[in-house]
Amino acid sequence: MPRADRHGRIAELLERVGLQEEERTLAGRAGVTVLFVTHSAEEAVVLGSRVLVMAAGPGRVLAEPAVDLPREPDADVSALRASPEFARLRGRLTEIMRG
């Protein structure tokens with residue numbers, strides 16, 4: 001992969017991570033419920049207090065794994081991402097999505 005492409009992808013990833021942290025903080029402070037639709041197991045674990053894994057067929061729920069992670073609006077998301085529980089949940093979601 002050319003160097004410029006790598007830098008662009010890294011910048012995009014960092015921007016996405018920053019936006020996820022901001023979304024999490026704003027929703028928590030406002031005390032609102034937000035529905036996110038994503039294909040990313042990591043994003044689901046970062047943003048979700050409740051996660052539903054949907055089947056390819058419309059309206060079918062495959063799983064609803066428990067997400068027992070800190071939800072405080074000002075929680076350290078970097079520490080959360082580095083935790084063993086985060087890795088376990090991300091792995092479990094990925095496993096379910098792959099079938």
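Mentor: Let's start with a cut-off: a residue is called exposed when its relative accessible area is over 50%, buried when that area is under 20%, and partly exposed in between. Keep in mind as we go that this is a predicted model.

Trainee: Thanks! Does Arg50 then count as buried or exposed, and at what relative accessibility?

Mentor: Arg50 counts as exposed, because its relative accessibility is 60%. Its salt-bridge partner is Glu64, with the closest N and O atoms 2.7 Å apart. This pair links distant parts of the chain, 14 residues apart: Arg50 is in the loop between α2 and β1 (53-54), while Glu64 is in the loop between β2 (61-63) and α3. Glu64 has a relative accessibility of 46%, so it counts as partly exposed.

Trainee: Let me step back to the whole fold. How many helices and strands does the protein chain have, and in what order do the elements run?

Mentor: There are four helices and two strands. Reading from the N terminus, the order is α-α-β-β-α-α. The C-alpha trace spans about 40 × 35 × 25 Å along its principal axes.

Trainee: What share of the residues in the protein chain is buried?

Mentor: Of the 99 residues, 26% are buried. The accessible surface of the chain comes to about 7,100 Å², and carbon and sulfur atoms account for 55% of that surface. For a view of contact order, take contacts between residues at least 6 apart in sequence: 55% of them join residues at least 24 apart.

Trainee: How should I read the core? Which residues have the most contacts inside the largest nonpolar core?

Mentor: The general idea comes first. In soluble globular proteins, nonpolar side chains tend to be buried together. Here the largest nonpolar core has 16 residues, and Val45, Leu69, Phe86 and Leu93 have the most contacts inside it. At least two core residues come from each of α2, α3 (77-82) and α4 (84-98). Helix α2 gives the most, with five residues.

Trainee: Which residues is Val45 in contact with, leaving aside neighbours within four places in sequence?

Mentor: Val45 is in contact with Val67, Leu69, Arg71, Phe86, Leu89, Arg90 and Leu93. Notice that Leu69, Phe86 and Leu93 have come up already, as residues with the most contacts inside the core.

Trainee: On to charges. How many salt bridges does a search of the whole structure find?

Mentor: The search finds six. To read one, look at the distance, then at where each partner sits. Arg16 and Glu12 make a good starter case, with their closest N and O atoms 3.1 Å apart. These two are four residues apart in helix α1, which means about one helical turn separates them. Arg16 is partly exposed because its relative accessibility is 41%; Glu12 is partly exposed too, at 46%.

Trainee: And how far apart are the closest N and O atoms in the salt bridge of Glu42 with Arg81?

Mentor: They are 2.5 Å apart. Glu42 lies in helix α2 and Arg81 in helix α3, so this pair ties together parts that are 39 residues apart in sequence. At 28% relative accessibility Glu42 is partly exposed, whereas Arg81, at 17%, counts as buried. Glu42 and Arg81 also belong to a network of salt bridges that includes Arg90.

Trainee: What else is Arg81 in contact with, beyond neighbours within four places in sequence?

Mentor: Besides Glu42, the contacts of Arg81 are Val17, Gln20, Glu21, Val46 and Phe86.

Trainee: Are there nonpolar side chains on the surface as well? Which residues make the nonpolar surface patch?

Mentor: Val32, Val34 and Phe36 make a patch of about 240 Å². Val34 is located in the loop between α1 (3-30) and α2 (41-47). With 41% relative accessibility, Val34 counts as partly exposed.

Trainee: One last residue: where is Leu62 placed, and what does Leu62 touch?

Mentor: Leu62 is in strand β2. Setting aside residues up to four places away in sequence, Leu62 touches Val53, Met54, Ala55 and Ile96. Its relative accessibility of 47% makes Leu62 partly exposed. Now compare sequence with space: Leu62 and Ala75 are 13 residues apart in sequence, and their C-alpha atoms are 29 Å apart.

Terms used:
Residues numbered from 1 in each chain as written. Predicted model: local features only at pLDDT ≥ 70, side-chain atom pairs only at ≥ 80, totals over all residues. Heavy atoms only, no water. Patch = residues over 30% accessible without salt bridge, like charges linked within 9 Å, V, L, I, M, F, W, Y side chains within 5 Å. Areas by Shrake-Rupley, 256 points an atom, 1.4 Å probe, with all protein chains shown as cover. Salt bridge = Lys/Arg side-chain N within 4 Å of Asp/Glu carboxyl O. Buried < 20%, exposed > 50% of the residue type's maximum accessible area, 1.4 Å probe, protein only. Core = buried A, V, L, I, M, F, W, Y, C linked by side-chain atoms within 4.5 Å. Contact = heavy atoms within 4.5 Å.
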